[in-house]
Amino acid sequence: MAQLGTLEAGSRYDLRVGLSPDAPDESALRDDEGAFGYVHSYETSSRYDGPGLRAVLFLSGCLLRCSYCHNPDTWHLKDGTYVSAAQVLERLGSFAPALLSLDGGLTISGGEALVQLAFSRRILAGAKRMGLHTAIETSGFLGDRVDDSYLSCLDLVLLDIKSGDPDTYRKATGRDLAPTLRFAERLAAIGKPVWVRFTLVPGLTDDPANVEKLARFVAPMKNVEWVEIQPFHQMGAFKWKAIGLEYKHANTAPPSAALVNRVIEQFRAAGCRAR
Ligand code: SF4
C-alpha cells in the first residue's frame with residue numbers, strides 16, 4: 001500500500017510534482033471507498049471560491065488539458081500527496097469554527113473534484129456533519145458520474161463552463177463540451193445552486209459569438225446565482241516551464257478592463273446576473 005504523506009497547507013500557486021510516483025493514472029482510477037486520495041494543497045482563507053470564508057482543498061487529477069491552465073501540476077495523481085480522508089477531515093475540523101463564524105465553508109477544487117469521486121464525497125459528507133456549507137469547483141466533464149447522494153452533500157456547484165461553442169471548447173480543453181452542458185441542465189432541473197465561471201482568454205474564448213452562446217444557454221437557468229468572469233492571468237505560467245510543457249499563452253496578455261466589461265455586459269444583456 002502506498003505511503004501516506006503529510007497534508008501541507010499551501011496555495012494553488014505552489015508547484016507540486018512527483019510526490020506519489022506509484023499513483024495510478026487519473027483516467028484509470030478505481031476510487032470506490034474514498035478513504036484515501038491525492039491532494040495538491042489546501043488554503044484556509046479564500047474569499048473567492050464560494051460564499052463567506054472558504055477552506056479550499058485542491059485535489060489532484062484532471063482529464064481536461066486547458067491550454068491556459070494555471071495548475072498543470074494538478075493534472076496527474078502522481079504529482080499529489082497521498083493522504084487519508086480522515087487526515088483531511090481532522091484538519092478541516094480545526095478550521096470549522098472560524099469558517100462557521102464567517103458564514104463560509106469548504107470548497108473542493110483541483111484539478112478536478114470529480115476525478116476522485118468517492119474521496120471527495122467522503123470529505124463533503126464529513127464537512128456537512130460539521131455544519132459547513134459545501135461546494136465543489138468542477139468543469140462538469142465527469143458530471144455523469146455524480147449520483148443524487150453526491151449532490152445531496154453539496155450546497156453549491158462552481159461550474160466552469162469554459163466556452164459556449166463546442167469547437168472553441170475542444171480547442172481550449174481538448175475535450176467535448178456536451179457532458180458539461182448535460183450536467184448544467186441536470187443541476188438546473190433539481191434547482192441546485194450554481195455559480196457559472198467563465199475564463200476569459202483573449203484570442204481564445206473572447207469571441208462575441210462564443211460568449212453569446214454561453215449566455216443564452218445559462219440565462220434561463222433559475223438556479224444560476226452568478227456568472228463570474230475570470231480574467232486570464234499568467235500566474236501559473238512558471239509551472240508549465242518547470243514541468244517542461246509547451247505553453248501556448250506565453251504572449252497572451254490578460255484581458256483589458258474594457259474587454260471584461262464587454263463580456264459582463266453581454267451576459268447581463270442576456271438576462272444573467274454577472275460579475
Ligand atoms: S479543468 Fe482546471 S485544472 Fe483541469 S486543465 Fe482545465 S483549468 Fe486546469
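Start with the whole chain in view: of the contacts in the protein with a separation of 6 or more, 76% are between residues 24 or more positions apart. The model is predicted.

**The whole protein**

Colour by secondary structure to pick out eight helices and eight strands. Turn the C-alpha trace along its principal axes, where the spans are about 50 × 40 × 30 Å. The radius of gyration is 18 Å, which agrees with the value near 19 Å for a compact globule of 275 residues. Now switch on the surface. About 11600 Å² is exposed, and carbon and sulfur atoms supply 53% of that area. Of the 275 residues, 55% are buried.

**Helix α6**

Next, select residues 208-218, which form helix α6. Which residues of this helix are buried? They are Asn 210, Val 211, Leu 214, Ala 215, Phe 217 and Val 218. These residues cover an arc of only 160° around the axis, and therefore sit on the same side of α6. An α-helix has 3.6 residues a turn, so residues three or four places apart point the same way.

Keep that buried set selected and show what surrounds it. The buried residues of α6 pack against three helices and two strands, which can be added one by one:

- α4, residues 166-173
- α5, residues 178-190
- β7, residues 194-200
- β8, residues 224-231
- α8, residues 257-270

Then go to the start of α6 and select Asp 207 and Ala 209. A side-chain oxygen of Asp 207 comes to within 3.1 Å of the backbone nitrogen of Ala 209.

**Thr 168 in helix α4**

Move to Thr 168, a residue of helix α4. Is Thr 168 buried or exposed? Its relative accessibility is 14%, so Thr 168 counts as buried, the cut-off being under 20%. What does Thr 168 touch, leaving aside its neighbours within four places in sequence? The contacts are Ser 163, Leu 204, Thr 205 and Asn 210. One of these, Asn 210, is among the buried residues of α6 visited above.

**Two cysteines**

Finish with Cys 153 and Cys 272. Cys 153 has a relative accessibility of 11% and therefore counts as buried. Cys 272 is also buried, with a relative accessible area of 10%. How many disulfides does the structure hold? There are zero. A disulfide is a covalent bond between the sulfur atoms of two cysteines.

Notes
Residues numbered from 1 in each chain as written. Predicted model: local features only at pLDDT ≥ 70, side-chain atom pairs only at ≥ 80, totals over all residues. Heavy atoms only, no water. Buried < 20%, exposed > 50% of the residue type's maximum accessible area, 1.4 Å probe, protein only. Helix = DSSP H or I, 4+ residues; strand = E, 2+ residues; numbered from the N terminus. Arc of directions from axis to C-beta. Contact = heavy atoms within 4.5 Å. Polar contact = N/O pair within 3.5 Å; in protein donor to acceptor, adjacent residues only side chain to side chain. Rg over C-alpha atoms; globule rule 2.2 N^0.38 Å. Areas by Shrake-Rupley, 256 points an atom, 1.4 Å probe, with all protein chains shown as cover. Disulfide = S-S within 2.5 Å.
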